[in-house]
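Got the viewer open? Here is a short tour of what to select and what turns up there.

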Amino acid sequence: MRIEKEPLQIPALQMQPSADGGSFTVLSTRKSYRLNPLQYSYLDVLKNGSSIEGLVQFFLGQGWLVSFRELSALLEFLIQEGLLQNPNVQAYFNRAQQAMHEQGHLSGPGQQVSLAKSVATALLPFFGFAACAAPDAKL
């Protein structure tokens, strides 16, 4: 299964919107995190078991394009914090990190780079067309 079609497994969250995005609390650990407005709105859709494809379809239906850089940054953050529990999605991002290391974008094995801020993001299979679309453009 391709990761964009896989329903994302995220623990139960309590969402608190704010003018500058919002925060969420993981109910099982009571740990809180802040997100920017785009990432907050993406997580608000994903928290209900939606897939990446479902998220994109939801926003397209509203007349909005998805910023794949922001979506990638959100997914990386969720994986790093241990909140995204899909093994296939974790493996995808781990392979992408490994590829960045092999290409010389990372200098050491423990070093991490945000794929969302990397020039090589356009080379990744699912996020590759992000460079073609204007982020957050209104249709």
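One term before we click on anything: residues are in contact when they have heavy atoms within 4.5 Å of each other, and angles between axes run from 0 to 180 degrees, taken between N-to-C directions. Keep in mind, too, that this is a predicted model.

**The whole chain**

Start with a cartoon view. The secondary structure adds up to four helices and three strands, and following the sequence gives the pattern β-β-β-α-α-α-α. The chain has 139 residues, and 44% of them count as buried. Take the contacts between residues at least 6 apart in sequence: 54% of these join residues at least 24 apart.

**The sheet**

Now select the three strands. They make an open sheet, ordered E1-E2-E3, with antiparallel pairing. E1 (13-18) and E3 (32-35) are the edge strands; each has a single partner strand, so one side of each has no neighbour in the sheet. Going from one strand to the next, the twist averages 20°.

Zoom in on E1 and E2 (residues 21-26). Six bridges join these antiparallel strands, and they form a hairpin with two residues between them. For a couple of landmarks, label proline 17, whose bridge partner in E2 is glycine 22, and then glutamine 14, which stands opposite threonine 25 in E2.

Slide over to E2 and E3. Here four bridges do the joining, again between strands that run antiparallel. This hairpin has five residues between its strands, and arginine 30 in the turn shows a positive phi of about 65°.

Next, show the side chains of E3. Which of them point to the buried face? Tyr33 and Leu35 do, while Ser32 and Arg34 point to the other face and are not buried. That fits a general pattern: in a regular strand, side chains alternate between the two faces of the sheet.

**A stop at serine 23**

Select serine 23, which sits in strand E2. Is this residue buried or exposed? Its relative accessible area is 14%, so serine 23 counts as buried. Leaving out residues up to four places away in sequence, serine 23 touches Gln14, Met15, Gln16, Tyr33, Arg34 and Tyr40.

**The rings**

Switch to showing aromatic side chains. Searching the whole structure turns up five aromatic pairs. One to pick out is tyrosine 33 with phenylalanine 77: the ring centres are 5.4 Å apart and the planes stand at 80°, so the pair is edge-to-face. Because tyrosine 33 lies in strand E3 and phenylalanine 77 in helix H3 (residues 68-80), the pair ties together parts that are 44 residues apart in sequence.

Colour by accessibility here. Tyrosine 33 has 10% relative accessibility and so counts as buried. Phenylalanine 77, at 21%, counts as partly exposed; the cut-off for buried is under 20%.

Add phenylalanine 24 to the selection. Its bridge partner in E3 is tyrosine 33, and ring pairs link Phe24, Tyr33 and Phe77 into a cluster.

For another ring pair, jump to tyrosine 92 and phenylalanine 93. This aromatic pair is edge-to-face as well, with 5.3 Å centre to centre and 80° between the planes. Tyrosine 92 and phenylalanine 93 are both buried.

**Helix against sheet, helix against helix**

Bring up helix H1 (residues 37-46). What does H1 lie across? The answer is E1, E2 and E3, with H1 running at about 145° to E1.

Keep H1 on screen and add H3. Their axes come within 9 Å and cross at roughly 65°, so H1 counts as roughly perpendicular to H3. The category covers 65 to 115 degrees. As for handedness, H1 passes H3 in a right-handed crossing.

To see the contact itself, show side chains on each helix. H1 contributes Leu38, Gln39, Tyr42, Leu43 and Leu46. From H3 come Glu70, Leu71, Ala73, Leu74, Leu75 and Leu78.

How values were computed:
Residues are numbered from 1 along each chain as its sequence is written. This is a predicted model: local features need pLDDT of at least 70, side-chain atom pairs count only at pLDDT 80 or more; totals for chains, interfaces and linings use all residues. Side-chain values use heavy atoms; hydrogens and water are left out. Two strands pair if DSSP finds at least two bridges between them. Rings of Phe, Tyr and Trp (its six-membered ring) pair if their centres lie within 6.5 Å; planes under 30 degrees apart count as stacked, over 60 as edge-to-face and the rest as tilted. Buried means under 20% relative accessible area, exposed over 50%, partly exposed in between (1.4 Å probe, protein chains only). Angles under 35 degrees count as roughly parallel, over 145 as roughly antiparallel, 65 to 115 as roughly perpendicular and the rest as oblique. A crossing is left-handed if the near helix is turned anticlockwise from the far one by less than a right angle, and right-handed if clockwise.
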